[in-house]
Amino acid sequence: MSSPPPAPRPGMTPERVGMFSDAVFAIAITLLVLEIPRPADDDFRDLAGALSHHQGSFAAFVLAFLMLWFSWRAHHTLFDQLHRVSQPVLLLHVPLLLCSAFLPYTMNLWSEMSAADVDVQASKGLALALFAGTEAILMFCQGALFTLALSQGLLNAHASRRRMATSAWVYWGCGVLWAVSAVLAFGVGEQSTYLWMATPVVVAVIVLVRRRLAAGAVQPDVTGQT
C-alpha cells in the first residue's frame, strides 16, 4: 500500500489560499463596473449619445470581466484538485493577485484613452499595452500554477494529470499571444487587439493537439495487447 500524502504545513492548505484568492477575484470583478464613467449632468439630455461615447468602456468591461472569470474558474478548478500547497505556489499568488487587482485600473485607462479626443498614439499604445500586458501576466501565472502542481506532485489522487497539463499549455500559449499584442500595441496601436480574437483559436488548437498526442500514446498499448 502507498503511504498517504504528507499533511500540509500550517498556512499552506489549499482551502485557505483558495478562499483568499476567491475574495480578491470577486473584489476585482466588482471594481470593474465602478471604472465605467458615469454620465455627467449635461449628458442626461442625450443619454444615448453619452453612453455611445463610452462604448469602448463597456467593451473593455465585458472583456476584462470574462478574462477574470476564466482566470478564477481555472484557479478554482486547480485548487479543487490539490492536496497541499508548496511555497513556490504560494509565492506565485503575489503577481497573480496583484495583476487581478490591477486589471480594473488598466481597463479604465485603456477605455478612457480610446475615447479621448486627443491624437496621442504613443500614450494610447502604452495604455493598451498595460491592459494586454496585465492579462498576459495573469495567464502566465495560471500556466505556472498548473505546471508547478504537476511537477511538485501537489495533485490529489483523483486529479487528471492530462487535463492539468492541457490547461498549463493553454495558459502558456494564450499568455504568449497577449504578450505579443502588448508589444505590438506600441507600434500598431489598437490594431493589435485583433490578436485577442485568436485566443479561442489558440485554445482549440492546443486542446486538439493534446488530444491527438494522448490518443497516439494510447494506440501502441492497445495494439500490443491485441
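**Notebook: a seven-helix model**

I started with threonine 193, which is found in the loop between α6 and α7 (199-225). I noted at once that I am working from a predicted model.

I asked whether threonine 193 is buried or exposed. Its relative accessibility is 17%. The cut-off for buried is under 20%, so threonine 193 counts as buried. Next I looked up its contacts. Setting aside neighbours within four places in sequence, I found threonine 193 in contact with Trp110 and Leu128.

**Serine 181**

I moved on to serine 181, which has its place in helix α6. Its relative accessibility is 1%, so I logged serine 181 as buried. Which side chain does serine 181 join through a polar contact? I found the side chain of tryptophan 196, at 3.0 Å. I then listed the contacts of serine 181, again without neighbours within four places in sequence. They are Ala132, Ser192, Leu195 and Trp196. Tryptophan 196 thus appears in the contact list of serine 181 and as its partner in the polar contact.

**Whole protein**

I stepped back to the fold. I counted seven helices and zero strands. Along the sequence, I read the pattern as α-α-α-α-α-α-α.

How much of the protein is buried? Buried residues make up 40% of the 226 residues. For the accessible surface I noted about 12,800 Å². Carbon and sulfur atoms hold 66% of that surface.

I also checked contact range. I took contacts between residues at least 6 apart in sequence. Of these, 81% join residues at least 24 apart.

**Core**

I looked up the largest nonpolar core and found 54 residues in it. Leu68, Leu78, Phe131, Leu155 and Trp178 have the most contacts inside this core. Which helices each supply at least two residues of the core? I wrote down α1 (14-34), α3 (55-79), α4 (87-115), α5 (121-151) and α6 (161-188). Helix α5 gives the most, with 14 residues. A general remark for the margin: in soluble globular proteins, nonpolar side chains tend to be buried together.

I picked leucine 155 for a closer look, as one of the core residues with the most contacts inside the core. What does leucine 155 touch, not counting residues up to four places away in sequence? I listed Leu78, Gln81, Leu82, His83, Ala149, Leu150, Arg161 and Met164. Leu78 from that list is also among the core residues with the most contacts.

Notes
Residues are numbered from 1 along each chain as its sequence is written. This is a predicted model: local features need pLDDT of at least 70, side-chain atom pairs count only at pLDDT 80 or more; totals for chains, interfaces and linings use all residues. Side-chain values use heavy atoms; hydrogens and water are left out. Helices (H or I, at least four residues) and strands (E, at least two) are DSSP runs, numbered from the N terminus. Buried means under 20% relative accessible area, exposed over 50%, partly exposed in between (1.4 Å probe, protein chains only). Contact means heavy atoms within 4.5 Å. Accessible areas come from the Shrake-Rupley method with a 1.4 Å probe; for residues, only the protein chains shown count as cover. A nonpolar core is a set of buried Ala, Val, Leu, Ile, Met, Phe, Trp, Tyr and Cys residues joined through side-chain atoms within 4.5 Å. A polar contact is a pair of N or O atoms within 3.5 Å; within protein, one must be able to donate a hydrogen and the other to accept it, and residues adjacent in sequence count only if both atoms are side-chain atoms.
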